[in-house]
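Subject: Structure for your review

Dear colleague,

Please find below the structure that I am handing over to you. My findings follow directly after it.

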Amino acid sequence: MRIDIITVLPELLKSPFEASILKRAKEKGLVEVYFHNLRDYTDKSYNQVDDYQFGGGAGMVLMIEPIDNCISALKEQRKYDEIIYMTPDGDTLNQKMANKLSLVENIIILCGHYKGVDQRVRDSFITKEISIGDYVLSGGELGAAVLCDSIIRLLPGVLNDETSALTDTFQDGLLAPPIYTRPREYKGAEVPEILLSGNFPAIEKWREEKAYQRTKALRPDLLEE
Ligand code: ADE
């Protein structure tokens with residue numbers, strides 16, 4: 001998979017890709033991630049990429065021209081499955097979306113900044129708008145990092161234990177069951193006996209029951225879906 005991220009703040013984005021699972025995915029050649037600084041795509045003096053809103057109002061708006069230059073240059077080189085714009089008014093990211101996006105070849109992610117982008121960018125280039133939650137961030141960069149993490153960990157071969165992404169919370173529409181590790185007893189708090197029994201069918205059944213109970217208690221909306 002190839003991910004091209006367009007941003008005015010590449011330095012804000014780089015570190016999440018330099019550690020742990022995302023780093024390993026890149027090193028194994030399972031994903032290529034490229035950062036494109038929007039300022040490299042403007043002809044204006046002082047590398048200007050934003051301007052005042054027509055009609056007045058506070059906040060700067062990212063201009064269409066540098067975004068067009070960057071997206072067009074990328075599209076000349078390969079076909080993109082999705083061109084995603086990170087914005088609080090997009091569809092809220094969920095596991096189903098991450099699963100779907102993990103199956104595609106090439107995506108572009110455009111990070112908004114300041115007030116956002118000229119509406120014509122959204123109308124002309126964007127195929128999908130994604131929010132990471134109902135709150136406003138200073139820009140799309142942190143959202144893009146969250147989106148990329150949720151996708152990249154699903155790519156075959158990225159996680160050591162191939163089954164572990166399948167047992168994640170949400171993967172079967174339920175929250176994950178409780179998990180424990182050593183010690184067996186800590187300050188009087190014990191690990192449930194069943195997990196020490198070696199009876200794997202019974203353990204599986206226990207996990208399913210706990211996942212259901214936890215979902216019913218904490219996220220009943222997931223059961224309605
Ligand atoms: N940009 C600003 N806020 C955002 C959010 N909640 N999700 C995605 N991108 C954003």
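In this predicted model, Pro201, Lys205, Lys216 and Ala217 are exposed on one side of helix α7. Ile203, Trp206, Ala211 and Thr215 of α7 are buried. These four cover an arc of only 160° around the axis, which puts them on the same side of α7. An α-helix has 3.6 residues a turn, so residues three or four places apart point the same way. The buried residues of α7 pack against α8, which comprises residues 220–224.

The length of α7 can also be checked. Helix α7 holds 19 residues, from 200 to 218, and at 1.5 Å a residue it should span 27 Å. Its end C-alpha atoms are 26 Å apart, which agrees with that expectation.

Turning to the overall layout, the domain assignment gives domain 1 as residues 2–152 and domain 2 as residues 167–224. The centres of domain 1 and domain 2, taken over C-alpha atoms, are separated by 37 Å.

Next comes the interior. The largest nonpolar core has 31 residues, and those touching the most other members are Ile3, Ile5, Ile109, Leu147 and Ile152. Two or more residues of this core come from each of β1 (2–7), α2 (20–27), β5 (82–92), α4 (95–101), β6 (106–111) and α6 (141–152). The most is given by α6, with 6 residues. A second, separate core has 18 residues, including Val49, Cys70, Tyr85 and Val121.

Which residues does isoleucine 109 touch, not counting those up to four places away in sequence? They are Ile3, Asp4, Ile5, Ile6, Ile84, Met86, Ala144, Leu147 and Cys148.

Finally, the structure holds 1 aromatic pair. The rings of phenylalanine 17 and phenylalanine 35 have their centres 5.5 Å apart and their planes at 70°; the pair is therefore edge-to-face, as planes over 60 degrees apart count as such. Phenylalanine 17 lies in the loop between α1 (10–14) and α2, whereas phenylalanine 35 belongs to strand β2 (residues 32–37), so the pair ties together parts that are 18 residues apart in sequence. Is phenylalanine 17 buried or exposed? With a relative accessible area of 0%, phenylalanine 17 is buried, because buried means under 20%.

With kind regards

Methods:
Residues are numbered from 1 along each chain as its sequence is written. This is a predicted model: local features need pLDDT of at least 70, side-chain atom pairs count only at pLDDT 80 or more; totals for chains, interfaces and linings use all residues. Side-chain values use heavy atoms; hydrogens and water are left out. The expected span of a helix is 1.5 Å times one less than its number of residues. Buried means under 20% relative accessible area, exposed over 50%, partly exposed in between (1.4 Å probe, protein chains only). The arc is that of the directions from the helix axis to the C-beta atoms. Contact means heavy atoms within 4.5 Å. Domain bounds come from an automatic or database domain assignment. A nonpolar core is a set of buried Ala, Val, Leu, Ile, Met, Phe, Trp, Tyr and Cys residues joined through side-chain atoms within 4.5 Å. Rings of Phe, Tyr and Trp (its six-membered ring) pair if their centres lie within 6.5 Å; planes under 30 degrees apart count as stacked, over 60 as edge-to-face and the rest as tilted.
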